[in-house]
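Welcome, and please load the model in your viewer. We will go from stop to stop, selecting a few residues each time and looking at what is there.

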Amino acid sequence: MAITVYKPEWGAMRPIRGVLFDMDGLVLDTESLYTRFWREAAQSFGYPMTVEQSLGMRSLGKKLGQPYLESLFGPSIDYTTLRNRRIELMETYIAEHGIAPKPGIYELLDYLDSQGIAAAITSSSPMGSIQKHLSAVDLLHRFQKLCSGHQIPNGKPAPDIYLLGAKELGLAPEDCLALEDSPTGILSAHRAGCLSVMIPDLDQPDEATEALLYAKADSLADIIDILNAQNGHL
């Protein structure tokens, strides 16, 4: 296990009372599936999307996803049509193969329970998908609140979803640790005022993302050490 703390001075703010979790690529091992099926959906309509381009789709709703796709393939492409095809392909795959939880998630949630630290999901996915996918790995009941990007005006990288997550837990954003695997999500959490930690999945943070991080960890289990240090349990 390894932790890199970029901004130790940020950790002096106050004890952490809540943890806000992105879902895809952070709690569930789904990010590679999104990358695969965005590409397959695009290719089925004649758009040769690369892996790097598909990574750019992470956490983007229609408001930002449509112009992003147009920048790649021109004005004829339609985000909603492509997204519906991606959902169809991905759900078919999941129905046959299932989804795996990310290492350390059960251990971390057990720790949060033992310390009385609240947990919420702050995902760009629709609420139905959140509930379905968490239920499949016996995690739905482990979070006090579920927050979907479909409940807010602006998706990531806007701060809305993390502001909602903190509000639902009855906490200020500054009282919350935000866990993310993507640069877009980290920007969202940082803008909300949360203490942001990245657990990279498909790629490592670049210099711009590192400037927004309190810390980077190898796995969810490492977050226990961060919380122990932050909350003075060492």
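Is aspartate 138 buried or exposed? Select it and switch on the surface: this is a predicted model, and in it aspartate 138 counts as exposed because its relative accessibility is 51%, just past the cut-off of 50%. Keep the selection for a moment and check the backbone. Aspartate 138 has a positive phi of about 60°, although it is not a glycine. Most residues other than glycine have a negative phi. As for its place in the chain, aspartate 138 sits in the loop that links helix H6 (127-136) to S4.

**Along to the next loop**

Now select lysine 156 and proline 157. The peptide bond joining lysine 156 to proline 157 is cis, with omega at about 15°. Most peptide bonds, by contrast, are trans. Proline 157 belongs to the loop between strand S4 (145-148) and helix H7 (160-168).

**Zooming out**

Clear the selection and show the whole chain as a cartoon. You should find 10 helices and 7 strands. The radius of gyration is 17 Å, close to the 17 Å that the globule rule gives for 234 residues, so the chain is as compact as a globular protein of that length. If you draw the principal axes, the C-alpha trace spans about 55 × 35 × 35 Å along them. Colour by burial next: 53% of the 234 residues in the chain are buried. A contact map is worth a look too, since among contacts with a separation of 6 or more, 67% are between residues 24 or more positions apart. With the surface drawn, the accessible area comes to about 10,200 Å², and carbon and sulfur atoms hold 51% of that.

**A strand with two partners**

Select strand S2, residues 18-21. Which way do its residues point? Gly18 and Leu20 face one way, Val19 and Phe21 face the other way, and all of them are buried. Add strand S3 (residues 118-123), which pairs with S2 in the parallel sense over 4 bridges. Within S3, isoleucine 121 is the bridge partner of phenylalanine 21. Then add strand S5 (residues 176-180), which runs parallel to S2 and is joined to S2 by 4 bridges. Here leucine 20 has alanine 178 as its bridge partner.

**Two cysteines**

Stay with cysteine 176 and select cysteine 194 as well. How many disulfides does the whole structure hold? The search finds 0. Cysteine 176 is in no disulfide, and the nearest cysteine sulfur, that of cysteine 194, is 5.4 Å away. Why is there no bond from the cysteine 194 side? The closest cysteine sulfur to its own is the one in cysteine 176, and 5.4 Å is too far for a bond; the cut-off is 2.5 Å. Both side chains are worth checking for burial: cysteine 176 counts as buried because its relative accessibility is 0%, and cysteine 194 counts as buried at 7%.

**Last stop: a helix**

Finish with helix H1, residues 31-44. Measure from its first C-alpha to its last and you should get 20 Å for its 14 residues, close to the 20 Å expected at 1.5 Å a residue. Buried residues in H1 include Leu33, Tyr34, Phe37 and Trp38. To see what covers the buried residues of H1, show helix H2 (51-55) and helix H4 (79-97), which are included in that cover. Following H1 is glycine 46, where phi is positive, near 90°.

Conventions
Residues are numbered from 1 along each chain as its sequence is written. This is a predicted model: local features need pLDDT of at least 70, side-chain atom pairs count only at pLDDT 80 or more; totals for chains, interfaces and linings use all residues. Side-chain values use heavy atoms; hydrogens and water are left out. Buried means under 20% relative accessible area, exposed over 50%, partly exposed in between (1.4 Å probe, protein chains only). Helices (H or I, at least four residues) and strands (E, at least two) are DSSP runs, numbered from the N terminus. Two strands pair if DSSP finds at least two bridges between them. The expected span of a helix is 1.5 Å times one less than its number of residues. Contact means heavy atoms within 4.5 Å. The radius of gyration is taken over C-alpha atoms; the globule rule is 2.2 Å times the number of residues to the power 0.38. Accessible areas come from the Shrake-Rupley method with a 1.4 Å probe; for residues, only the protein chains shown count as cover.
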